[in-house]
Amino acid sequence: MQLLKFDWNPVTGIDIAGNFKLHFYSLMWVIAFILGWYIMKRIFTKEKISLDYLDPLFIYTVLATMLGARLGHVLFYQSELISDDFFSIFLPFKFKGGFEFTGFQGLASHGAAIGIIIGMYLYRKKYNYKSLLWILDRVVISVASGAVFIRIGNFINSEIIGKVTNSNLGVRFIQDEYYKSQITQLTGIKDAKKAYAAVTENPQFAELLEAVPYRHPAQLYESFSYIFVFLILWYFYSKTSKKDQTGFLFGLFLVLLWTIRFFVERVKEPQGDEYINWYGLNTGQWLSIPFIIIGLYFMFVYKPKSARK
């Protein structure tokens with residue numbers, strides 16, 4: 001079972017110039033959005049919706065997702081940024097402690113979900129060709145596919161890590177355990193990338209490696225689970241009549257994705273200050289519950305006005 005336990009100490013991007021780095025995490029977002037665009041194009045073509053509406057939908061979705069995810073992270077987990085490093089909330093740079101290009105980091109899925117709903121509402125107000133729920137019923141299919149890659153990006157970045165585990169499945173996240181300044185000091189190697197590599201490759205630093213605990217790869221748990229969320233949604237959309245039940249696919253998405261999130265949260269480390277921590281449930285779990293309830297409502301209770309008596 002040792003094959004299920006391994007060290008994770010990857011290159012996280014490509015150095016371009018100075019402090020500018022092309023992060024693989026950012027590339028995962030690009031893949032997620034491009035794949036989502038192709039899925040929506042296929043849906044629009046199948047349902048004979050003008051593709052003129054597709055590019056605006058893509059733009060609204062990208063902006064709503066990024067803004068919602070970023071603001072959600074700040075409000076739910078890192079509110080100190082508002083006073084400490086305000087402009088880093090909206091820009092892919094860190095200003096406090098020295099200027100550095102970081103890419104868009106610190107993104108919360110709960111915020112992204114709220115952002116997408118608001119974004120689709122605004123999109124629907126401008127492009128009135130179908131109902132808001134018709135759009136949401138189909139957009140969530142793309143969102144589910146994209147979530148797979150976002151969590152892979154989190155894994156590459158060694159972020160949203162799991163709790164320490166003694167099970168046969170565990171990962172040692174080297175770059176989460178040691179900060180750049182810390183690892184260069186401990187190894188005596190000035191280049192952080194080489195210092196991290198030395199921890200896993202040089203027996204001289206075996207003690208540093210042994211000090212890193214094995215943790216649940218929570219990002220991979222989510223990513224793998226979201227594959228099934230996408231497949232289930234696509235099945236109901238393409239093989240059943242449920243796509244014609246207004247709100248059903250949107251509700252199913254909320255129930256599936258946030259139920260997974262609720263249970264995976266049990267093996268996750270806190271992502272920041274836990275402002276909500278009641279009855280043994282953490283912030284992520286409490287934020288997931290309303291989405292699940294709303295999903296159940298749209299699956300089993302909601303009826304569009306035209307169907308009401």
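This report describes two residues, a set of annotated segments and one pocket in a predicted model.

**Annotated segments**

According to an unreviewed UniProt entry, the annotation "transmembrane region" covers residues 20–39, 51–71, 103–123, 135–156, 218–236, 248–264 and 284–302. Two of these segments, residues 248–264 and residues 284–302, are set out in the table with their secondary structure and the distance between their end C-alpha atoms.

| Segment | Helix | Strand | Distance between end C-alpha atoms |
|---|---|---|---|
| Residues 248–264 | 100% helix | 0% strand | 24 Å |
| Residues 284–302 | 89% helix | 0% strand | 26 Å |

**Arg151**

The unreviewed UniProt entry also carries the annotation "binding site", which covers Arg151. This residue is found in helix H5, which runs over residues 132–156. Is Arg151 buried or exposed? Its relative accessibility is 6%, and because buried means under 20%, Arg151 counts as buried. When neighbours within four places in sequence are left aside, the residues in contact with Arg151 are Ser109, Ile160, Gln219, Glu222, Ser223, Tyr226, Arg261 and Lys268.

**His73**

His73 has its place in helix H2, which comprises residues 54–76. With a relative accessible area of 8%, His73 is buried. Which residues does His73 touch, not counting those up to four places away in sequence? They are Gln78, Gly106, Leu107, Ala108 and Gln271. A further relation links His73 to Gly111: the two are 38 residues apart in sequence, while in space their C-alpha atoms are 6.8 Å apart.

**The second largest pocket**

Helix H2 returns in the description of a pocket, since this helix supplies part of its lining. The second largest pocket has a volume of about 250 Å³. Its lining is made up of 14 residues, and those closest to the centre of the pocket are Ala64, Leu67, Gly68, Gly115 and Ile118. Both H2 and helix H4, which spans residues 109–126, supply at least two residues each to this lining. Which element gives the largest share of the lining of the second largest pocket? That share comes from H2, with nine residues. By residue type, the lining of the second largest pocket divides into nine nonpolar residues and five polar ones, with no charged residues among them.

**Drawing the parts together**

Helix H2 thus appears in two settings, as the place of the buried residue His73 and as the source of nine residues in the lining of the second largest pocket. Arg151, the residue covered by the "binding site" annotation in the unreviewed UniProt entry, is in helix H5 and is likewise buried.

Methods: Residues numbered from 1 in each chain as written. Predicted model: local features only at pLDDT ≥ 70, side-chain atom pairs only at ≥ 80, totals over all residues. Heavy atoms only, no water. Helix = DSSP H or I, 4+ residues; strand = E, 2+ residues; numbered from the N terminus. Buried < 20%, exposed > 50% of the residue type's maximum accessible area, 1.4 Å probe, protein only. Contact = heavy atoms within 4.5 Å. UniProt positions renumbered as here; feature names shortened; annotations may be inferred. 1 Å grid on protein atoms, 1.4 Å probe; cavity = no way out; pocket = protein on both sides within 12 Å on 5 of 7 lines; lining within 4 Å. Points joined across faces, edges and corners; volume = space filled by probe spheres on them. Nonpolar A, V, L, I, M, F, W, Y, C, P; charged D, E, K, R; others polar.
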